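Please look through the structure below with its two kinds of evidence in mind, the geometry of the model and the confidence attached to it. The paragraphs after it offer a guided reading.

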Amino acid sequence: MNSLSRLSAIVRKEVRQLSRDRLTFGMVVGLPIIQMLLFGFAINTDVRNLKTAVANEANTHLSREFIAHLGQSQVADIRYRVASPAELTELLRRGRISMGVHIPHDFDRRVVDSDRAAVQILVDGSDPTILGVANQLRSMPIGFDSALATPAAAAAVAVRPFYNPERRTPVNIVPGLMGIILTMTMMLFTAVAIVRERERGNLELLINTPVSSAELMIGKVIPYILIGMLQLALILGVGELLFDVPVRGSIVDLYLAASLFIAANLALGLLISTLVKTQFQAMQMTVFVLLPSILLSGFMFPFDGMPRFAQWLGELLPNTHFIRLTRGIMLREASIAELYPAVIALAVFTTVAMTLAASRFSKRLD
Amino acid sequence: MSDAYAIEARGLSKHFGSLVAVDKLDLAVPRGRIYGFLGPNGCGKSTTIRMLCGLLTPTAGTATVLGIDVPGDAATLKARIGYMTQKFSLFGDMSNDENLQFIAEIYSYPRRDRRRRIDELLERYDLADRRKQLAGTMSGGQKQRLALACAVLHKPDLLLLDEPTSAVDPQSRRDFWAKLFALAEAGTTILVSTHYMDEAERCHRLAILDRGVKVADGTPQELKDDTGMHVVEVLADDPFAAQNVVSAVPGVVSVTQLGIRLRILIPDSIAEPAERIAAQLEAAGIPASTALTSAGLEDVFVAVTLKPKQAAA
C-alpha cells in the first residue's frame, strides 16, 4: 500500500517535471512528427531525374528519337548536350552529372546488327543506387518505329511485387522509422532522467528515504511507457494520413509488439544510466546505440545483404527485431504469434538488460 | 545504556580498496543533543554518516542507530532518520509546496495531516510567502531552510546533516543553528559534520576526525581544557621575522599567523613558555609583546591533528 503510494508520488513528480521542461515536452510530440515528415518525404529509393549529359555523335533520326525517349522515361533529366565522350567524363568528374550517354556515329548500324551495344552509358558508380537505376535502362527498347524494334526477349523470371505494388518508399520506411524514433526517445529520456537526478544530487536525497530502488526505477519508467505509446499513435496517424501507409494486421498486435520494444529500450536506457556519470555521456552512449540501430537493423539496407558478422551485430539490436515485427504486422498482415522469433529476442534482450541494470543500480549505493 | 544514546558504534571501519576512509571508529551520541563531526575534507565524515544511515556497508565493526543494528533493517531506520545532503538535493523545478508534498508522500505521512504539517513547516522555516516559488530560484539560505524542512517533515528521531551550511552566508548560518537548537530542545538527536570552527563550538559534543581516525571526543570546553598545550600569543610589527625566530624555539609545535598576531602551541610540560619566547625574540632584536592565552577550538584542532605526525617523527 505504502509502496504503491510512493510509486504514484514518483510518477506524478516525474510527469510534473516533464510538463515544466518545455523542450523535452516539445521533443516528445514534435520529434516523431518532424522526423516522419522529414524522412517520409525525403528518403526515396525509387530514384528519378538523374542529371544527364548526352554526346550524340550519330545525330540521326533514330538517335534523336532515342534521346527523346530517354528524357520521357523520367529516369534521366537531360541537362547538357556535348560533342564528345571526353566531355562526358569531364562533367562526370566535376560532379555536374550522374550519368553520361554516349551515342557512337555508327549507332543506326549497331541497332540493326544488335550483336554489339548500341549505346554506352557512363555512370557515377560510387553510388550503388544510381548504378542500379542506370542498369534499368538496359531493357529500354530501341528501334525504327515499332517495326524495326528489336524484339524484347521474353523474361525468364517474372517478379511480382507483393505488399507494396506501387513501390512507394514510405511503405517500407514508416514501420522502420517507428523503431528509430522510439529507440531515440525512450532510451535517451530514461537514461537522461536518471543521470540528471544523480547530477543534481536528487538521488542522494532519495536513497535516504524509504523509497526502494525498484520503486524509483519503475516510477521513473512508467511515464515514458505512456509517452512511447503516445508517440506510436502519432507516427501511425501521420503515416496513415500523409503517406497512406497501411496497418493491414491487427492494431492490438502492433501495440503488443511496441510494448515489448519500449520495454527493451527502457531497460537499455536504465542500463546506460548506470554506466555513465553525466548527461553528456548518456547522450554519447545513446548515439552509439542509435547509429547501428539505423544502419544495421534492416531499416536502411536489406538485412540479407549484410555480411554475416554485421548480421550478428544486427541481431543484438532490439530495433532489428522490432522492424521485423512492424513490417510483418503492418504490411504483410502477419500475426504477432507468427513472428515469434522476434518476440522471443525482444523478451530475452529486456530481461538481460534489466537484470544487468538492476544489479549495477544497487551496487552504485555502496 | 542504549536508551541514553541515539548512536553507538564500535570499531567502525570502511575501506575502499587500499584506502582506509574510516578506521576503527568508536562513537556514542547522546539522545537529544547536537553532536558535531569536525574535520577537513576527506577525513571520513561523510563516509561515517553514510554507514550510520545504512547506505554503506562497514568493512568491520558494529553500529546501533536508534536501537537498530546497521546494516540491518535499513527500511525501518530510514523512516526514523532525516538526512540533509551537502549539496542542495531537492527539485529545483518544483515549488516549495510541491517539494514538501512529494516528501510527505514518499514518507507516507498521514494524508489528512499533510496539509497542516506542510503549512506549519513553511511557517516555521520562513517560507510561507514563497510556497509557490520554484525551489531552484531561491537563495542559498532559503534553499537550506527548505532542505531542513524536508528533512524533518516526518518528525525523525535522528537528523543527519552533512556539512549543511557550506553554501550559506553567516547570518543564515546563525538562523539555521537557532532552528537546530529548537529541534534538539524538542528531543531530536542531531549529528552534524562541519569544517567551520564556529559551528563546532556550538555543538553539545564534538568528535574530531583526521584521516579516518577519531583524534578527540568531548564537549568543546573539555577539548579546550585538555589540549596538553600552552597557547602563547605574540603581537609583532614584523610577524614574518618573529615567526622565523619563534619556530626555532625548542618545544614549539606549531605557529599560526593571524594578521600581526602569532598563535603558538607549545607542550604544557614546558614551564614559563611566554617568557621563553619573549626572551628569544628580544635576543633577536624583534620588538614584540608576548602573553599566555586560553586555547580556542582552532588550537585544539591543530594540536590533535599534529599528534600523529609527532608520533611518527
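What follows begins with confidence, then turns to the helices of chain A, the contact between the chains, and the sheets of chain B.

This is a predicted model, and it scores ipTM 0.79 and pTM 0.78. The mean pLDDT of chain A is 84, with 94% of its residues reaching 70 or more. Within that chain, residues 146-153 have a pLDDT below 50, and this stretch makes 8 contacts in the model beyond near neighbours in sequence. For chain B the average pLDDT is 88, and 97% of the residues score at least 70. Here the pLDDT falls below 50 over residues 309-313, a stretch that has 0 contacts in the model beyond near neighbours in sequence. Where pLDDT is low, the predicted coordinates should not be read in detail.

In chain A, two helix pairs can be followed residue by residue. The axes of helix H2 (residues 22-42) and helix H7 (residues 169-199) of chain A come within 10 Å and cross at roughly 150°. Because angles over 145 degrees count as roughly antiparallel, that crossing makes H2(A) roughly antiparallel to H7(A). The crossing of H2(A) and H7(A) is right-handed. On the side of H2(A), the residues that take part are A:Val28, A:Leu31, A:Pro32, A:Gln35, A:Met36, A:Phe39 and A:Gly40, and they meet A:Pro170, A:Ile173, A:Val174, A:Leu177, A:Ile181 and A:Thr185 in H7(A). Sorted by class, this contact of H2(A) with H7(A) holds 10 nonpolar and 3 polar residues, and no charged residues.

The second pair consists of helix H10 (residues 251-275) and helix H11 (residues 279-295) of chain A, which pack at an angle of about 135° with their axes 10 Å apart. That angle makes H10(A) oblique to H11(A). The crossing of H10(A) and H11(A) is again described as right-handed. From H10(A), the residues A:Leu268, A:Ile272, A:Ser273 and A:Leu275 meet A:Ala282, A:Met285, A:Thr286 and A:Val289 in H11(A). The contact of H10(A) with H11(A) has 6 nonpolar and 2 polar residues by class, and no charged residues.

Turning to where the chains meet, the contact takes 19 residues from chain A and 22 residues from chain B. Helix H1 (2-20) and helix H8 (202-206) of chain A each supply at least two residues of the side of chain A that touches chain B. H1(A) gives the most to that side, with 8 residues. By class, the side of chain A that touches chain B has 6 nonpolar, 7 polar and 6 charged residues.

Chain B brings in sheets. In one of them, 6 strands form an open sheet with mixed pairing, in the order S6-S7-S8-S3-S9-S10 (chain B). Its edge strands are strand S6 (81-84) and strand S10 (213-218) of chain B, each of which pairs on one side only. Neighbouring strands of this sheet are turned by 15° against each other on average, with direction ignored. At one edge, S6(B) pairs in the parallel sense with strand S7 (residues 158-162) of chain B over 4 bridges, and the bridge partner of B:Tyr83 in S7(B) is B:Leu160. Helix H5 (residues 140-152) of chain B lies across S6 and S7 of chain B, running at about 160° to S6(B).

Another open sheet of chain B has 4 strands in the order S12-S13-S11-S14, with antiparallel pairing. Strand S12 (254-258) and strand S14 (288-293) of chain B are its edge strands, each pairing on one side only, and the twist averages 25° from one strand to the next. S12(B) and S13(B) run antiparallel and are joined by 5 bridges, with B:Leu258 standing opposite B:Arg261 in S13(B). These strands, S12(B) and S13(B), form a hairpin with 2 residues between them, and B:Gly259 in the turn has a positive phi of about 65°. At the other edge, strand S11 (residues 229-236) of chain B pairs with S14(B) in the antiparallel sense over 6 bridges, where B:Val232 has B:Leu292 in S14(B) as its bridge partner. Helix H10 (residues 273-283) of chain B lies across S11, strand S13 (261-267) and S14 of chain B, running at about 165° to S14(B).

Note on methods:
Residues are numbered from 1 along each chain as its sequence is written. Chains are lettered from A and ligands numbered from 1 in the order in which they are written. This is a predicted model: local features need pLDDT of at least 70, side-chain atom pairs count only at pLDDT 80 or more; totals for chains, interfaces and linings use all residues. Two strands pair if DSSP finds at least two bridges between them. Axes are lines fitted to C-alpha atoms, for helices over the stretch in contact, and angles run from 0 to 180 degrees between N-to-C directions. Two residues are in contact if their C-beta atoms, placed from the backbone, lie within 7 Å. Ala, Val, Leu, Ile, Met, Phe, Trp, Tyr, Cys and Pro count as nonpolar, Asp, Glu, Lys and Arg as charged, and the others, Gly among them, as polar. Angles under 35 degrees count as roughly parallel, over 145 as roughly antiparallel, 65 to 115 as roughly perpendicular and the rest as oblique. A crossing is left-handed if the near helix is turned anticlockwise from the far one by less than a right angle, and right-handed if clockwise. pLDDT is the predictor's confidence in each residue, from 0 to 100.
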